[in-house]
Every structure is written in structure tokens, then in C-alpha cells.
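Trainee: I would like a close look at one part of this model, the sheets. Please set the scene with the overall surface and fold before going in.

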Amino acid sequence: MSERKKMETGQWYSCLDEELEALRVHALEAVHTHNHLPPAERRMLSAPLAGLFATHGQNCLIEAPFHCSYGINIHLGRDIYMNTGCVILDSAPVHIGDGTMCGPGVQIYCANHHKDPVKRRSGIEIALPVRIGKDVWLGGGSIVLPGVEIGDSAIVGAGSVVTRDVPAGTTVMGNPARAR
């Protein structure tokens with residue numbers, strides 16, 4: 001089984017794989033192009049990112065700079081806003097629901113590196129999906145860890161680290177993020 005197939009099926013895989021490296025280089029090229037477009041051409045989802053992402057709805061705006069690992073695992077609903085400096089490390093599917101807003105510097109991670117330092121050094125990791133519901137507000141500088149699901153209309157306070165699922169309509173903040 002290829003390392004990509006292992007990654008896609010939630011198994012331990014080596015991220016130091018030629019096929020995965022080629023996908024990351026393709027994403028870097030699209031992201032670089034997006035990040036260097038004139039502002040008028042970035043008012044809605046730019047063509048380089050639209051061609052990279054798995055799916056996207058209408059009226060999505062991603063401010064520059066933006067970064068993602070692969071892009072091919074990102075699924076955006078409609079009316080999404082991502083402020084400057086957002087990062088999505090999408091080694092697993094990342095679903096972001098309609099009307100969700102991300103403050104500056106929001107980071108969404110899917111990869112978990114191996115705890116064994118020898119395996120970690122050899123690039124062994126596992127990818128867990130992240131799902132963010134509709135009308136969620138992720139405050140600036142918040143971090144969403146692998147495998148987390150955030151329910152519809154939830155709010156994540158600025159600078160929070162979301163380590164576990166957040167129920168719909170809940171406000172969380174802190175490190176680790178807790179209901180307030």
C-alpha cells in the first residue's frame with residue numbers, strides 16, 4: 001500500500017515519501033501564487049486555491065499569507081472568511097462549514113507525529129480529520145488539534161488551543177480550551 005493510501009485511510013505512514021512530497025510542492029506553488037496576487041485578485045477565493053482545494057462553496061475569502069500542506073484535503077462551505085496568516089496542515093480531511101470565520105493566525109493541524117523518537121525521526125505520522133461546523137468563529141491565534149470536531153455556531157476564543165471536541169453553540173477559551 002502506498003504511503004498516500006495509508007495517509008488517506010488513517011494509518012501510520014511516512015511523510016518522507018516522493019509522491020507526498022510532490023503533492024506538497026504542488027500545494028506550495030499554488031499557495032505562493034495566491035499569496036503574491038494583487039489584492040483585487042484575492043477578493044474571493046483565488047484561482048490557484050480554488051483549483052487546489054477538494055471542494056469549496058461560493059464567496060470564500062482567504063487573506064494572504066495563507067499556507068496549507070496539500071490543499072487536496074480541504075473542503076470549504078460557502079461564505080468562509082480566513083484572515084491573514086491562517087495555516088491548515090491538511091494531511092487528513094478538513095471540513096469547514098458555511099459562514100465560518102477564522103481570525104488572523106488560526107492554525108488547523110491534522111498530523112500527529114509518532115511518540116517513538118526513532119520512528120518520528122524517520123517521518124512516521126498519522127493523520128486525523130478535523131471538522132468545523134457552520135457559523136463557527138475561530139478567534140485569532142487559535143489552534144485546532146488533530147481529530148477535533150467543532151459544532152455549529154461554536155466560538156473559540158483568541159489564542160485558545162482546542163484539544164477536544166466542542167459542542168454546538170459552546171464558547172471555549174484557554175489552553176487547553178474549556179467551556180466558559
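Trainee: How much area does the protein expose, and what share of it do carbon and sulfur atoms supply? After that, please take me through the sheets.

Mentor: Surface first. The model is predicted. The protein exposes about 8,700 Å². Carbon and sulfur atoms supply 56% of that area. On the burial side, 46% of the 180 residues count as buried.

Now the overall form. The radius of gyration is 16 Å, and a compact globule with 180 residues would have a value near 16 Å, so the two agree. The C-alpha trace spans about 40 × 40 × 20 Å along its principal axes. Charge comes next. There are 16 positive and 18 negative side chains in the protein. The centres of these two sets lie 7 Å apart.

The secondary structure holds four helices and 20 strands. Contacts add to the picture. Take those with a separation of 6 or more: residues 24 or more positions apart account for 26% of them.

Now the sheets. Strands of a sheet pair through backbone hydrogen bonds, either parallel or antiparallel. Start with the open sheet of seven strands. Its order is β3-β6-β9-β14-β17-β19-β20. The pairing is mixed. β3 and β20 are the edge strands, and each pairs on one side only.

Look at the β20 end. β19 and β20 pair in the antiparallel sense, over two bridges. Met-173 stands opposite Arg-178 in β20. The loop between β19 (171-173) and β20 (178-179) holds Pro-176. The peptide bond from Asn-175 to Pro-176 is cis, with omega near 0°. That puts the proline of a cis bond in the loop linking this antiparallel pair.

Go to the other edge, β3. Asn-59 sits in the loop between β2 (55-56) and β3. Phi of Asn-59 is near 60°, a positive value in a residue other than glycine. Asn-59 is partly exposed, with a relative accessible area of 45%. On the far side of β3, the loop between β3 (61-62) and β4 (66-68) holds Pro-65. Here too there is a cis peptide bond: it joins Ala-64 and Pro-65, with omega about -5°.

From β17, look back along the chain. Ser-153 lies in the loop between β16 (149-150) and β17 (155-156). Its phi is near 60°, again positive in a residue other than glycine. Ser-153 counts as partly exposed, at 41% relative accessibility.

Next, the open sheet of five strands. Its order is β2-β5-β8-β13-β16, and the pairing is parallel. β2 and β16 stand at the edges with a single partner strand each, so one side of each has no neighbour in the sheet. Inside this sheet, β8 (residues 94-96) runs parallel to β13 (residues 130-132), and three bridges join them. Ile-96 has Ile-132 in β13 as its bridge partner.

The two orders can be tied together through the loops. β2 is an edge of the sheet of five, and β3 is an edge of the sheet of seven. The loop with Asn-59 lies between β2 and β3. Likewise, β16 is an edge of the sheet of five, while β17 belongs to the sheet of seven. The loop with Ser-153 lies between β16 and β17.

Further pairs involve β4, β7 and β10. β4 pairs in the parallel sense with β7 (residues 86-89) over three bridges. There, Cys-68 stands opposite Ile-88 in β7. β7 in turn runs parallel to β10 (residues 107-109), and three bridges join the two. Leu-89 stands opposite Tyr-109 in β10. In a regular strand the side chains alternate between the two faces of the sheet.

One last site, in a loop after a strand. His-114 lies in the loop between β11 (111-113) and α4 (117-121). His-114 is buried, because its relative accessible area is 16% and the cut-off is under 20%. Leaving aside neighbours within four places in sequence, His-114 is in contact with Trp-12, Lys-119, Arg-120, Ile-124 and Glu-125. Another residue to set beside this list is Tyr-13. The C-alpha atoms of His-114 and Tyr-13 are separated by 9.9 Å, though the two residues are 101 apart along the chain.

Notes:
Residues are numbered from 1 along each chain as its sequence is written. This is a predicted model: local features need pLDDT of at least 70, side-chain atom pairs count only at pLDDT 80 or more; totals for chains, interfaces and linings use all residues. Side-chain values use heavy atoms; hydrogens and water are left out. The radius of gyration is taken over C-alpha atoms; the globule rule is 2.2 Å times the number of residues to the power 0.38. Buried means under 20% relative accessible area, exposed over 50%, partly exposed in between (1.4 Å probe, protein chains only). Contact means heavy atoms within 4.5 Å. Accessible areas come from the Shrake-Rupley method with a 1.4 Å probe; for residues, only the protein chains shown count as cover. Lys and Arg count as positive and Asp and Glu as negative; His and the chain ends are not counted. The place of a charge is taken as NZ of Lys, CZ of Arg, CG of Asp or CD of Glu. Two strands pair if DSSP finds at least two bridges between them.
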